[in-house]
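New to this one? Take a look at the sequence and the fold first, and then we'll walk through a few spots together.

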Amino acid sequence: MQGQTKSVSFDGREIKLTTGRFAPQAGGSVLIECGDTSVLVTATKSTGREGVDFLPLMCDYEERLYAAGRIPGSFMRREGRPPERATLISRLIDRPMRPLFPGWMRDDIQIVATCLSLDERVPADVLAVTGASMATLISGIPFQGPMAAVRVGLLGDDFVLNPSFREIERGDLDLVVAGTPDGVVMVEAGANQLSEQDVIEAIDFGYEAITELINAQKEVLKESGIEQVIPEAPQVDDTVYNYLDKNCTKSISEVLKNFEQSKEERDNRIEEIKISISSKIDGLKDDNAVKKSLSSNSKMLDNNFKSLTKKLMRDQIIKEGKRVDGRELNEVREIDAAAAVLPNRVHGSALFQRGLTQVLSTATLGTPSDAQEMDDLNPNTDKTYIHHYNFPPYSVGETRPMRTPGRREVGHGALAERALIPVLPAKDTFPYVLRVVSEVLSSNGSTSMASVCGSTLALMDAGVPLKAPVGGAAMGLIKEGKEVKILTDIQGIEDFLGDMDFKVAGTEKGITALQMDMKITGLPLETIGEAINQALPARTHILGKMLEAIDTPKENLSPHAPRLLSFRIDPELIGTVIGPGGRTIKGITERTNTKIDIEDGGIVTIASHDGAAAEEAQRIIEGLTRKVHEGEIFSGSITRIIPIGAFVEILPGKEGMIHISQLSEARVEKVEDVVKVGDQVTVRVREIDNRGRINLSLRGVPQNGGTNNYPEPTPTPVAPLT
């Protein structure tokens, strides 16, 4: 089982590609390693199925918790449904791989990446993407690679190649860039309001490293004696296409140039042309060449009609600079935005519409215990900002069964989530867990960016003090030979028939998220930079329209949102607040009817719909954790009496005892002769013994009902209390 290993070193790290050792029955396999992170990637092809008119590519990223020395937390104690992050990595593999397969391929292809070992310094996702290319090349599957991916971080003013999890968290940029010898083929990024130029330089920095990984893959093929399969397209029967070109070009072009019609009218008219030409073909003689060609493939007419429509639309943009709705190439569709569209039982809501794309976003404020626990290989174990995206079939006028969210829904929600995280308030000033849900009510392109815009408005309506509003737009591209046209705010047909879907989100200050997917084998950095820069004025325009709906976050929360108080205690005193078996904290919550969360760092968060109750719980906890010093004077009430003394609550939740000998200057025979339960007394702290017990005294202390002489800590409410 001796395999062949190829190493690539850059930026002080070594990436190893081992082939010929693992998974011998897979079409191709590679073990890709960096540090202690090991990912096994396989690529396998099977014969295509009858009637399939698309590339049935399946990319799966599998996590095994043994990779981090952990046992799954589920009841069954084994991995089940892929966690969200695994689904996102599966998409990360799929997106740069899919455009590199020949468009005519119809065979089933499955790429499986399994994380076998995880080093917290080395994320596995970019290794899996590069490994997918290597495994596919070895398998002999027709593939227009090699392709590789790297991650770029930004620490201070320096770019970092393949940063660790902690460096990603500390840095201002998390960029994944994938590329081929032809150029960049995929970009995925989250950024802390970085300028366009910084992001372009980061992509360039990453692509330089990609070329080394691409060369390493070529060397592995050469040393293994493997010939890369050069995709050769099968001969295409142009009979049907030429017939459609001759008989339909004029009528389709007239529809595409009618800028006054709606999307529905255009779609209906295109469908009428297709039905008409289909009827005309049915009337041809059986020995006609067109009819003979169609008899061999039932989907040939649809596919050729679609190809002709695509060509005419692209020609119109390239040659005339006009889009199907009459907009200029850099023009944004009409925008309508509104906040507070739902009753205030929904903590925050907004409706954002751009053209026919309409998204309803809602924001819900929760307590720290509402954070989502993540049972996966990522070191970050919980999420305090959750963004969900729903795409029902009625949004595109269709019907289909409503199932659990698919990969697309998960991916779009994660993109919107990433776009907003940089502008969320710090947890120590606004400790709410936030959940935003974006309901796509109507879709005609760029729903993910509409979700970003609508969610920003919903959060502001909920009273979340965002650092800045975030807007976004999707950029498109039409490339024919050397002619390249970049489109701003693409709609559905331009996404479907174009070459690029490049989503750019950010504030007026800078970019917060990027996602670029290609349908061609690569794009030069100059073109990517042009698209990023062209998105800036569009984003500025969109933000201006958004601020007309709501320009600042609301000062008051919904009356139905929980009220939180947050403050810090000494972490060593957390046990004091919790008490034996949790009795102390349970008693406080029952007494005040609040919900209390304590983090390991000592941050206490109290949630309640009653502000006074939350403040009472805070006073009790601060009393329990407040240090008492000898000689201090306190006023408190007698809580209980025993034969040798009386107990006094000197602070909320904290008691001290007055020994019978300290009740008076004179001898006291019985405690009840001096005090009884409920009496208000002023006491002095006589001593604190080695077990932490507080001993009090009445001797020499005037009983004037005065308060203690130690200043109370100032409460620090995080959210306004009503």
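## Charged pairs

A quick definition first: a salt bridge here is a side-chain nitrogen of Lys or Arg within 4 Å of a carboxyl oxygen of Asp or Glu. Keep in mind that this is a predicted model. Searching the whole structure turns up 41 salt bridges. One of them pairs Glu632 with Arg626, at 3.2 Å from N to O. Glu632 is buried, with a relative accessible area of 6%, and Arg626 counts as buried too, at 7%. There's also a network: salt bridges with shared partners join Arg95, Asp125, Arg151, Asp174, Glu188, Arg418 and Asp517.

Other pairs sit in less covered places. Glu320 and Lys257 meet at 3.1 Å, N to O. This pair links distant parts of the chain, 63 residues apart: Glu320 is in helix H8 (residues 300-320), while Lys257 is in the loop between helix H5 (239-256) and H6. Glu320 is partly exposed at 44%, and so is Lys257 at 41%. Then there's Glu616 with Arg591, a salt bridge of 3.4 Å. Glu616 belongs to helix H15 (residues 611-625) and Arg591 to helix H14 (residues 583-592), so the pair ties together parts that are 25 residues apart in sequence. Glu616 is partly exposed, at 25%, whereas Arg591 is exposed, at 52%.

## A buried arginine with no partner

What about Arg266, buried but without a salt bridge? Arg266 sits in helix H6 (residues 263-282) and counts as buried because its relative accessibility is 4%, with the cut-off for buried being under 20%. The nearest side chain of opposite charge is Asp267, 4.4 Å away. A salt bridge has to be within 4 Å, so that distance of 4.4 Å doesn't qualify.

So which residues does Arg266 touch, leaving out those up to four places away in sequence? They are Val255, Leu256, Gln261, Val324, Gln491 and Ile493. Leu256 is 10 residues from Arg266 in sequence, and their C-alpha atoms are 7.5 Å apart.

## Inside the protein

Nonpolar side chains tend to be buried together in soluble globular proteins. The largest nonpolar core here has 91 residues, and Ile93 and Phe502 touch the most other members. Helix H4 (residues 196-224) gives the most to this core, with 12 residues. Apart from that core lies another, of 46 residues, including Leu365, Val423, Met460 and Ala505. Back to Phe502: not counting residues up to four places away in sequence, its contacts include Ala473, Met475, Leu514, Met516 and Ile532.

Helix H2 is well covered as well, with 15 of its 15 residues buried. Its end C-alpha atoms are 21 Å apart, which agrees with the 21 Å expected for helix H2 (residues 125-139) at 1.5 Å a residue. Right after H2 comes Gly140, with a positive phi near 85°.

## Cysteines

How many disulfides does the structure hold? The count is 0. Take Cys59: its sulfur is 17 Å from the closest cysteine sulfur, in Cys115, which is too far for a bond. Cys59 is buried, with a relative accessible area of 1%, and Cys248 is buried at 1% as well.

## The whole picture

Now step back. The protein has 722 residues, and 53% of them count as buried. It contains 15 helices and 29 strands, and its C-alpha trace spans about 125 × 65 × 45 Å along the principal axes. Among contacts with a separation of 6 or more, 69% involve residues 24 or more positions apart.

Notes
Residues are numbered from 1 along each chain as its sequence is written. This is a predicted model: local features need pLDDT of at least 70, side-chain atom pairs count only at pLDDT 80 or more; totals for chains, interfaces and linings use all residues. Side-chain values use heavy atoms; hydrogens and water are left out. Helices (H or I, at least four residues) and strands (E, at least two) are DSSP runs, numbered from the N terminus. Buried means under 20% relative accessible area, exposed over 50%, partly exposed in between (1.4 Å probe, protein chains only). Lys and Arg count as positive and Asp and Glu as negative; His and the chain ends are not counted. Contact means heavy atoms within 4.5 Å. A disulfide is a pair of cysteine sulfur atoms within 2.5 Å. The expected span of a helix is 1.5 Å times one less than its number of residues. A nonpolar core is a set of buried Ala, Val, Leu, Ile, Met, Phe, Trp, Tyr and Cys residues joined through side-chain atoms within 4.5 Å.
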